[in-house]
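Colleague: I should like a close look at a single part of this model, the packing of one pair of helices. Please set that part within the protein as a whole and then turn to some individual residues.

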Amino acid sequence: MITKFFRRILGSKSKPIDRSIPVMLSAKEHGIDPKLVSSNAIRVTQGLQQAGFKAFLVGGAVRDLLLGIKPKDFDIATNATPEQVRKLFRRAFIIGRRFQIVHVMFGQDLLEVTTFRGASVDAAPKDEHGRVLRDNTFGEQHEDAIRRDFTINAMYYDPDSQTVLDYHGGMADIRNKTLRIIGVPEERYREDPVRLLRVVRFAAKLDFTIDAATAAPIKTMAPLINNVPAARVFDEMLKLLMSGHAMACLHHLRKEGLHHGLLPLLDVVLEQPLGEKFVRLALASTDARVKQGKPVSPGFLFASLLWHQVLEKWTAYQAAGEASIPALHLAADDVLDSQTEKLSLQRKIASDMRDIWAMQPRFERRTGKAPYKLLENLRLRAGYDFLLLRCASGEIDAELGEWWTDFMEGDIGAREQLQTQKPRSSDTSGAPKRAKRRSGRGRAKPEGGTSEGGE
């Protein structure tokens, strides 16, 4: 009776949480190791604080620090405007159209400084699907926290006081290994559809479970990605594939229905046994290099992902009567022209891809001066690693890869002896030999037209 009386007086419903007041976590509570923090990031936060501004590490850097991982990048949030930040540091540059940010440079080290964003995006310009086009409205720190995508990315760390400010229960979600979007999922995905990819990448990279409400709209809202500029989709794809967990990301993309149409280059490949094995080997190799701290070439990665589209067209051009080498160049042109439009491939990456593909037939020439000339090629290592992937996937005879391994490692005598050996297989190209050239002028066309695989 007494309990019921107090419930009537006080009310049975709990009060809503005030998200404008953060939970403050001490060094003992959050456990961040200060040694993992970049000295340049500390220089920027201290410089801003000494000038009278608030300044915190924010986003993925804080998330990784809480997980005991040394962040690759450090982002800083402040109440200073971009112009005020720029004036404080010698090498600082304002960039961005959708939302202005400042890049502060210390040698090759780049730190990104953002001004606290305002909570409301109602007045911001949007497209017909609700995607925010420009938003340079500044605000308070608690408003900035609301604008961040996931709870685990909405915490602020002050290296000076070693305190963490948690506005949305991010610490609890990190401990529970849960990925939860801030706000109404449908609205947040509509504001920026790239979040559909980010939620998959974070879940795979961190081995977190996606909260049920956060996951529910993903499949139905996946088509919104088509409204995002190709350059942004490419940047997110690159982060996803070079996260060190590309295989897990790929699994999550398929699970959430985000691979068809969204990532056209994977559509057909992942449904062809030989192509799937090749891609899985390439991604596994990339994951291993990332985890070992070794550099990864985007050109090599995308050359691997698109290789079976090139191989298909190369075969078709040869069947149409084109000579092997010109057929390969035509196939590369077709695939790169199509994917550059869809993915906004940078010119340097496309050039690296073309070099790797063009080198493959040259590995078949094992007599005379041809192998020695190939040894002088600046892209030899990438081409050779690509050749080994083709061998490992079963696309071509492993003997060719073994021969080149011995040739590259051997001395002059060993190389001369290798050149006298007769190959076990006379055709290792992975594509049929050239068909008899048809009469008539003009470029040969593959049978079946020029439709893109997977479209």
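Modeller: The account below begins with the whole chain, moves to the helix pair, and ends with single residues.

The model is a predicted one, and every statement here should be read in that light. The protein comprises 22 helices and 10 strands. Of its 455 residues, 49% are buried. Among contacts with a separation of 6 or more, 69% join residues that lie 24 or more positions apart.

The part requested is the pairing of helix α20, residues 380-392, with helix α21, residues 398-409. Their axes lie 8 Å apart, and the two helices pack at an angle of about 150 degrees. The crossing of α20 past α21 is left-handed. On the α20 side, the contact is formed by Leu380, Arg381, Tyr384, Leu387, Leu388 and Cys391. On the α21 side, Ala398, Leu400, Gly401, Trp404, Thr405 and Met408 take part. By class, the residues of this contact comprise 9 nonpolar, 2 polar and 1 charged. The charged member is Arg381 of α20, because arginine is counted in the charged class. The two polar members are Gly401 and Thr405 of α21, because glycine and threonine both fall in the polar class.

One residue of this contact, Cys391, also invites a question about its surroundings. Cys391 has a relative accessibility of 11% and therefore counts as buried, since the cut-off for that class is under 20%. Cys249 is buried as well, with a relative accessibility of 0%. As to sulfur bridges, the structure holds 0 disulfides, so no pair of cysteine sulfur atoms comes within 2.5 Å.

Two threonines outside the helix pair may be set side by side. Thr115 belongs to strand β6, residues 109-115. Its relative accessibility is 4%, so Thr115 counts as buried. The side chain of Thr115 reaches the backbone oxygen of Ala80 at 2.7 Å. Leaving aside residues up to four places away in sequence, Thr115 touches Thr78, Asn79, Ala80, Thr81, Pro82, Phe99, Phe138 and Asp144. Ala80 thus appears both in that list of neighbours and as the residue whose backbone oxygen is reached by the threonine side chain.

Thr220, by contrast, lies in helix α11, residues 218-221. With a relative accessibility of 64%, Thr220 counts as exposed, because that class begins over 50%. The side chain of Thr220 likewise reaches a backbone oxygen, that of Pro217, at 3.0 Å. Between Thr220 and Glu256 the C-alpha to C-alpha distance is 9.7 Å, although 36 residues separate them in sequence.

Finally, two residues deserve attention for their backbone geometry. Gln162 is not a glycine, yet its phi is positive, at about 60 degrees. Gln162 sits in the loop between β7 (155-158) and β8 (163-166). Its relative accessibility of 28% means that Gln162 counts as partly exposed. Lys177, also a residue other than glycine, has a positive phi near 55 degrees. The loop that holds Lys177 runs between α7 (170-175) and β9 (178-179). At 37% relative accessibility, Lys177 counts as partly exposed.

Note on methods: Residues numbered from 1 in each chain as written. Predicted model: local features only at pLDDT ≥ 70, side-chain atom pairs only at ≥ 80, totals over all residues. Heavy atoms only, no water. Axes fitted to C-alpha atoms, helices over the stretch in contact; angles between N-to-C directions. Helix = DSSP H or I, 4+ residues; strand = E, 2+ residues; numbered from the N terminus. Left-handed = near helix turned anticlockwise from the far one by under 90°. Contact = heavy atoms within 4.5 Å. Buried < 20%, exposed > 50% of the residue type's maximum accessible area, 1.4 Å probe, protein only. Polar contact = N/O pair within 3.5 Å; in protein donor to acceptor, adjacent residues only side chain to side chain.
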